[in-house]
Amino acid sequence: MKIVLTFLAIVESFSLYAQTKTSYNAFYSGIPWFDDKGNTVSAHGANIVKENGRYYLFGERHDDTSNAFVGFNCYSSVDLYNWKFERIALPQQQSGKLGPKRVGERPKVMKCPSTGEYVMYMHVDTLGYVDQFVGYATAKNITGPYTFHGPLLFDGKPIKKWDMGTFQDKDGSGYVLVHGGDIYKLNDDYKSISEQLNKAFEQGFESPAIFHKDSLYYFLGSDLTGWERNDNYYFTSTSLKGPWTKRGFFAPQSTLTWNSQTTFVLPIEGTKETTYMFMGDRWSFPKQTSAATCVWQSFTISGCNISLPEYKEAWKVDQKTGVVSSAIVTGKTIVATDQQLIYSGNWKQDTLAIRSSHEKGDSFSITVKTTQVGIYGLARPDGGYASIVIRNSKGKIVLTSSIDMYSKYPVVLLKFLTPVLKKDTYTIIVTVLGEKWWWKEKSGRLSGSRGNFVSLDKFIVTD
Ligand code: GLA
């Protein structure tokens, strides 16, 4: 017994996160998530595959400095809330099309029923987005490592388009979707295309995703605005060959799909219900690792209409029954004017917020005894980046991250939430970085924030 306890103490002294492994109890959209190692979950343009009771999440790995491909990550989870980092499933190649200074996006994995192999599809490109094609890689084990084979061929030719997705039908057939609305059927071995089922019907329609429910296929995609958000929309059809009927936006207009872009729809099948989970990305270039977040919401489906009528900052799904329930961030509210907060620098009241600053190095902090801390901020058209550092009572840094305070329309949002921590006295320090989200779209248009503002709304502190 003593040996076991000593061992556990040693493990704990190496990593605080050993005890926070199962510490999220709900989905929290729009905030950085921490994995079992205490790093932010870096998995964008993602998809999820379920196997033997475990979910495997594949997504773009990023760094905070450049847009260059640095690999695709694989994480696993039993509840979809807490993610274990498995490995870099497909690393940057030494040279070639996924070598240094290239682009690799939107990895999607499917298990091929006829070979038993796992096949990963992705968008391959140059940094300037002028050499795009759909590539593929294979692995014997779900977590990889995957071997990159170059372009997926149709009639001996690559599919020279950029945004892509995949769909696996109930009969095991695999499909590759391409922006604009092209749908290609894969051959039995999933390593080449047998036929084109549907031809592009839209100009933009990026980030394509399909799911099937009852007799309908739902085809979702975004407008063409690069990493800037837009109102995503969808079509329905009884056949993948179409004809497709345009149904319009699935989130309320002007919310810009609750500030996200579609990547995948995951059916969560339970004994009572199947919940269809919208998976979206809230991109944040250049800080795509520390400040880009995931927006995962459950669809409301009625007839041929799918919708995300309200933004759920927290919600749950029962893994057994598939039934969705609501969740909230609970605790004591500490507002921005509370005396417990220590401001340093030039924090002012402006037209949008009671406390805001855009000056690099300005900060605020709070010291509280707690197990979980949430921060609400005002996301705004001139919002910028802040860094967050959390220290325990011994002064040891336990978590660090960035947050992006940008939104095209002003909105107060949960911007940060720690996992459940060991009860202790923590100091949370938020510092204005004097930097902002920006991106040059494929059309050459510059998008992103107009300023570097960080605006605090309140803290929520759990006892
Ligand atoms: C769109 C695409 C992304 C990426 C960015 C880059 O958002 O959906 O996959 O290519 O543009 O501009």
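**Exercise 1. Cis peptide bonds**

Task: In this predicted model, find the loop in which P243 lies, and state whether the peptide bond from G242 to P243 is cis or trans. Then treat the bond that joins G144 and P145 in the same way.

Solution. Step one is to place the proline: P243 lies in the loop that runs between β18 (233-237) and β19 (245-249). Step two is to read omega, which is near 0° for the peptide bond from G242 to P243, and this bond is cis. Step three turns to P145, which is found in the loop between β8 (133-139) and β9 (147-151), and there the bond joining G144 and P145 is a cis peptide bond with an omega of about 5°. As a background for both cases, most peptide bonds are trans.

**Exercise 2. Positive phi in strands**

Task: For R106 and S207, determine which strand holds each residue, and decide whether each is buried or exposed.

Solution. Begin with the general expectation that most residues other than glycine have a negative phi. R106 is not a glycine, yet it has a positive phi of about 55°, and it lies in strand β6. Its relative accessibility is 4%, and because buried means under 20% relative accessible area, R106 counts as buried. S207, likewise not a glycine, has a positive phi of about 45° and is found in strand β16. With a relative accessible area of 0%, S207 is buried.

**Exercise 3. The largest pocket**

Task: Describe the largest pocket by its volume, by the residues closest to its centre, and by the elements that give two or more residues to its lining.

Solution. The volume of the largest pocket is about 780 Å³. Its lining is made up of 27 residues, and those closest to the centre are I48, Q168, L266, P267 and E269. Two or more lining residues come from each of β2 (44-51), β6 (102-111), β12 (164-168), β16 (206-213), β20 (261-269) and β21 (274-282). Sorted by class, the lining holds 14 nonpolar, five polar and eight charged residues.

**Exercise 4. The second largest pocket and the largest cavity**

Task: Work out which strand gives the largest share of the lining of the second largest pocket, and which gives the largest share for the largest cavity.

Solution. The second largest pocket encloses about 300 Å³ of space, and among its 18 lining residues D35, G38, N39, T40 and T289 lie nearest the centre. The elements that give two or more residues to this lining are β4 (72-77) and β33 (397-404), with β33 supplying the largest share, four residues. By class, this lining has five nonpolar, 10 polar and three charged residues. For the cavity, start from the search of the whole structure, which finds six cavities of 30 Å³ or more. The largest cavity holds about 80 Å³ and is lined by 13 residues, with G30, A291, T293, D404 and K415 nearest its centre. Here too β33 gives the largest share, three residues.

**Exercise 5. The sheet that contains β33**

Task: Establish the strand order of the open sheet that contains β33, and explain why one side of β28 and of β33 is left without a neighbour in the sheet.

Solution. The sheet has five strands in the order β28-β30-β35-β32-β33, with antiparallel pairing. β28 (342-344) and β33 stand at the edges and have a single partner strand each, so one side of each is left without a neighbour in the sheet. From one strand to the next, the twist averages 20°. Within this sheet, eight bridges join the antiparallel strands β30 (residues 363-370) and β35 (residues 424-432), and S363 has T431 in β35 as its bridge partner.

Definitions and conventions
Residues numbered from 1 in each chain as written. Predicted model: local features only at pLDDT ≥ 70, side-chain atom pairs only at ≥ 80, totals over all residues. Heavy atoms only, no water. 1 Å grid on protein atoms, 1.4 Å probe; cavity = no way out; pocket = protein on both sides within 12 Å on 5 of 7 lines; lining within 4 Å. Points joined across faces, edges and corners; volume = space filled by probe spheres on them. Nonpolar A, V, L, I, M, F, W, Y, C, P; charged D, E, K, R; others polar. Pairing = 2+ DSSP bridges. Axes fitted to C-alpha atoms, helices over the stretch in contact; angles between N-to-C directions. Buried < 20%, exposed > 50% of the residue type's maximum accessible area, 1.4 Å probe, protein only.
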